[in-house]
Amino acid sequence: MQNKGSAQDIQQFRAGLAGTVLTPDDAGYPEGCALWNGMIKRKPALIAQCSSTDDVVKAVRFAREQGLALSVRGGGHSAAGKALVDDGLVVDLSRMRDVQVDPAQRVARAQGGSTWSEFDAAAHKHGLGTTGGMISTTGVAGLTLGGGFGWLMREFGMSCDNLIGAEVVTANGDVIEVNESQNADLLWGLRGGGGNFGVVTRLDMRLHPVDTVLGGMIVHPIDRASDALRAVREFNKTAPDALTIHTALMTDPDGNRIVAYVCCFNGDPDEGRNVLQPLIEWGPPVAVDLNPIPYPVMQTILDEGFPPGLNVYWTGDFIETLSDDVIETLVARFGEVTSPLSALVVEQFGGASRRVTAEDSAFVHRSADYNIAIISRWSDASDPDPHISWARGVRAAIAPHSAGVYVNYLGIEDGEDRVRAAYGTDAYARLAELKAKYDPENAFWSNQNIQPAR
Ligand SMILES: Cc1cc2nc3c(=O)[nH]c(=O)nc-3n(C[C@H](O)[C@H](O)[C@H](O)COP(=O)(O)OP(=O)(O)OC[C@H]3O[C@@H](n4cnc5c(N)ncnc54)[C@H](O)[C@@H]3O)c2cc1C
């Protein structure tokens, strides 16, 4: 049983914080415990809703002094729910969302609780942007620290490849700068190593010219799914890096099972339409909804389909190539899907994301052509077992083709073996050394945890 801090200690901690401290007795506590994944029902002893780096320092020190377990909440999207820790203290950054843009340097400085919504809006004012999550409510920090797939990754690399600096509050409450010249070893670790090394209170992200993109969907009926996956596989072999296509086997709002190419072309919309013409003509599709839209709008087109509060079992694996075998497996398994809210998404990888070496980042799965996202979702009214079994079954079926796992897609029941699989032996060993240097007592363990090297 953990110490939960005496009432007097908590009172003093509360009085010293500019932000708010919530206990289970306080109004606002249930909302403070709500994560995007409605399946997560953890009950922290304290939620420290920090409003500054100074607050974060106080919260980390208080937890350490009191022997409380620590967790860090950024955007609250992790399906594994490790942003909350039972009986411990949550460093909640949801009030730290400021994003400052330096257009001359093409750098955005984002507080550790900002979401892509704030980030994209701030950068767009200057005609700039960077690779970010495809749902605008996802946290910049959690996504970037684990890697970061997005519409621009084939042109500008993953989010973590664009992380050029950070402010970090370490396990003993020190505030350190991390960049190419200060604590540079940790910069490598923050690019993929997750929340293992401390609370990241500021992320410095490289920006690129991004303004209007051609974005939207090309939709086919599900009985064409195998051919549609083969067609996009062939198309992708020569597609430019400015174009990214994720292919979803899903159910539309009218209850029809469909296969959707979700596309983003960063460049002249007419050129994008020309590039996409073979896919626009193929089939033909039942619907083509591609439009010139500002990049921040592109970042929201899927938001409605991913509301918070549903029960979610999210998992997946990288695959080297989209073989006929994988295609047939995905199509057959989607035929057994247990909920209209569930989907299988073939996420395109490659381009600039591939032109990064193991020396540049802790994110190692650079050679895969695709990542398969297995997203099982259901409402409270439904028995979870069939939905979880379905997702487990899909993963087991593609396991022979697995080329590793994306740490940000690890789910509720994934343990140390899957974390190791996310990094491979060499990167894991290097991360473990960093962990031993920056968090030797593993104070930050409520995450996809790297064990400190001895
Ligand atoms: C709807 C949805 C859409 C998604 N889309 C994408 C996508 O397009 N691309 C992609 O790559 N991934 C995507 N993901 C996965 C996403 O990258 C992970 O869930 C990620 O962990 C979310 O970060 P967060 O800050 O929102 O989550 P949180 O749950 O708040 O944090 C997850 C973990 O990250 C760490 N962390 C968060 N913030 C900090 C911080 N400031 N300092 C230190 N550690 C921190 C902590 O260990 C925490 O447990 C998506 C997930 C969901 C649910």
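Okay, let's start at the ligand: one of its oxygen atoms sits 2.5 Å from a polar side-chain atom of Y406. That's a polar contact, meaning a pair of N or O atoms within 3.5 Å; within protein, one must be able to donate a hydrogen and the other to accept it, and residues adjacent in sequence count only if both atoms are side-chain atoms.

Before going on, this is a predicted model, where local features need pLDDT of at least 70, side-chain atom pairs count only at pLDDT 80 or more, and totals for chains, interfaces and linings use all residues. Residues are numbered from 1 along each chain as its sequence is written, and side-chain values use heavy atoms, with hydrogens and water left out.

Back to the ligand. The backbone joins in too: F149 has an N or O atom there 2.7 Å from a ligand oxygen, and for A83 a polar backbone atom is 3.5 Å from a ligand oxygen. How much of the ligand does the protein bury? On its own the ligand exposes 930 Å², and the protein buries 96% of that (Shrake-Rupley accessible areas, 1.4 Å probe; for residues, only the protein chains shown count as cover). Around the ligand there are 34 residues, the closest being G74, G76, M134, F149 and Y406; being near takes a heavy atom within 4 Å.

Now the overall layout. We have domain 1 (7-92), domain 2 (99-209) and domain 3 (212-409), with bounds from an automatic or database domain assignment. Six residues from domain 1 and eleven residues from domain 3 make up the contact between those two, with heavy atoms within 4.5 Å. Their centres, over C-alpha atoms, are 34 Å apart.

And what holds for charges there? Between domain 1 and domain 3 there are zero salt bridges (a Lys or Arg side-chain nitrogen within 4 Å of an Asp or Glu carboxyl oxygen). Polar contacts do turn up, with six residue pairs, both at pLDDT 80 or more.
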